[in-house]
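Q: Could you show me how to read the features of a model like this one? I would like to go through them step by step.

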Amino acid sequence: MNLTKKLINNKTALICLIIITTMIILGILAPYIAPFDPNKVRIVRKYAAISSEHWLGCDHLGRDIFSRLLYGIRSTLFLSLLTMIITIIVGSVIGLISGYRRGKLDECIMRLCDIMLSFPSQVMILAIVGVLGVGIENVIIANIVVKWAWYSRMIRSSVIKYSRKNYILFSRAIGAPHSFIICRHLLPNIMSELVVLATLDTGWVILNISALSFIGLGVQAPTAEWGLMLSEAKNVMTQHPMQMVFPGIAILIVVAAFNMLGDCLRDILDPKEKTA
């Protein structure tokens with residue numbers, strides 16, 4: 001039974017996949033689905049209640065919350081996925097080189113990883129953003145800088161484990177090109193572990209981007225972003241609590257979906273790791 005059938009038969013994984021896919025589709029189609037311009041200010045509609053016109057009401061500037069939530073998928077989810085893709089590429093390349101070549105190069109890379117991993121991730125992200133300046137681009141750079149070392153170490157460990165397999169030793173003995181060994185033997189073996197790690201970490205990146213936007217270091221107004229929407233609503237949370245509910249629920253649902261999907265993938269791809 002292949003991975004697709006296993007995912008379909010796993011109800012939790014299937015639900016999480018549907019949620020994530022739906023979010024991605026809504027983000028792509030946001031310009032066509034959103035009933036209003038997410039940045040259009042209409043003070044006369046300030047804190048307008050939920051109605052047939054405004055499905056989730058309006059914020060402190062009269063902007064439609066439903067429209068901003070849809071466009072917020074692009075700022076929150078899409079940027080998180082972009083961050084993860086770049087981090088995976090950088091970490092995988094460095095980890096493959098380190099684990100495959102070994103020797104002094106491996107020692108230098110691992111010592112650099114040790115240095116990077118010795119710093120608390122949140123503190124380091126704040127420090128990098130503080131040095132580079134406020135902005136989502138710098139937030140993405142900070143997340144990549146913080147996480148690449150962790151991925152490199154994990155990929156290196158997997159490469160070393162599979163490099164001792166007989167079929168790889170045989171390929172080396174007959175003089176197969178290094179590129180062939182890496183692409184044909186190593187990458188397919190470590191891909192499942194990489195997918196699980198990336199899926200679990202995507203929720204972490206979403207929370208990071210939202211948190212930094214919440215404190216004013218990430219996405220800047222008037223761009224719609226879920227963490228920024230929470231920040232704008234925090235000053236009126238007692239008078240208008242629903243302003244914080246909708247972006248908060250959106251973050252909760254997406255992060256939970258990625259985390260549960262990662263757990264399901266881990267159980268499917270490596271049943272021995274499944275907890276009772």
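Q: Where in the chain is Tyr32 placed?
A: Tyr32 lies in helix H3 of this predicted model.

Q: Is Tyr32 buried or exposed?
A: The general idea is to look at relative accessible area, where exposed means over 50%. Tyr32 has 71%, so this residue counts as exposed.

Q: Which residues form a nonpolar patch on the surface with Tyr32?
A: Ile25, Ile28, Leu29 and Ile33 join Tyr32 there, and together the five have about 500 Å² of accessible area. Two elements each give two or more residues to the patch: helix H2 (11-28) and helix H3 (30-33).

Q: Turning to the interior, how many residues does the largest nonpolar core have?
A: A core is built from buried nonpolar residues joined through their side chains. Here the largest one has 37 residues, and Tyr151 and Leu186 have the most contacts inside it. Helices H4, H5, H6, H7 and H9 each give two or more residues, with H7 giving the most, 12.

Q: What does Tyr151 touch?
A: Leaving out residues up to four places away in sequence, Tyr151 touches Met84, Thr87, Ile88, Gly91, Leu194, Leu197, Ala198 and Asp201. A second, separate core has 28 residues, including Ile251 and Leu261.

Q: And the chain as a whole: how many helices and strands are there?
A: There are 11 helices and 0 strands. Of the 276 residues, 44% count as buried. For contacts with a separation of 6 or more, 69% come from residues 24 or more positions apart.

Definitions and conventions. Residues numbered from 1 in each chain as written. Predicted model: local features only at pLDDT ≥ 70, side-chain atom pairs only at ≥ 80, totals over all residues. Heavy atoms only, no water. Core = buried A, V, L, I, M, F, W, Y, C linked by side-chain atoms within 4.5 Å. Buried < 20%, exposed > 50% of the residue type's maximum accessible area, 1.4 Å probe, protein only. Helix = DSSP H or I, 4+ residues; strand = E, 2+ residues; numbered from the N terminus. Contact = heavy atoms within 4.5 Å. Patch = residues over 30% accessible without salt bridge, like charges linked within 9 Å, V, L, I, M, F, W, Y side chains within 5 Å. Areas by Shrake-Rupley, 256 points an atom, 1.4 Å probe, with all protein chains shown as cover. Salt bridge = Lys/Arg side-chain N within 4 Å of Asp/Glu carboxyl O.
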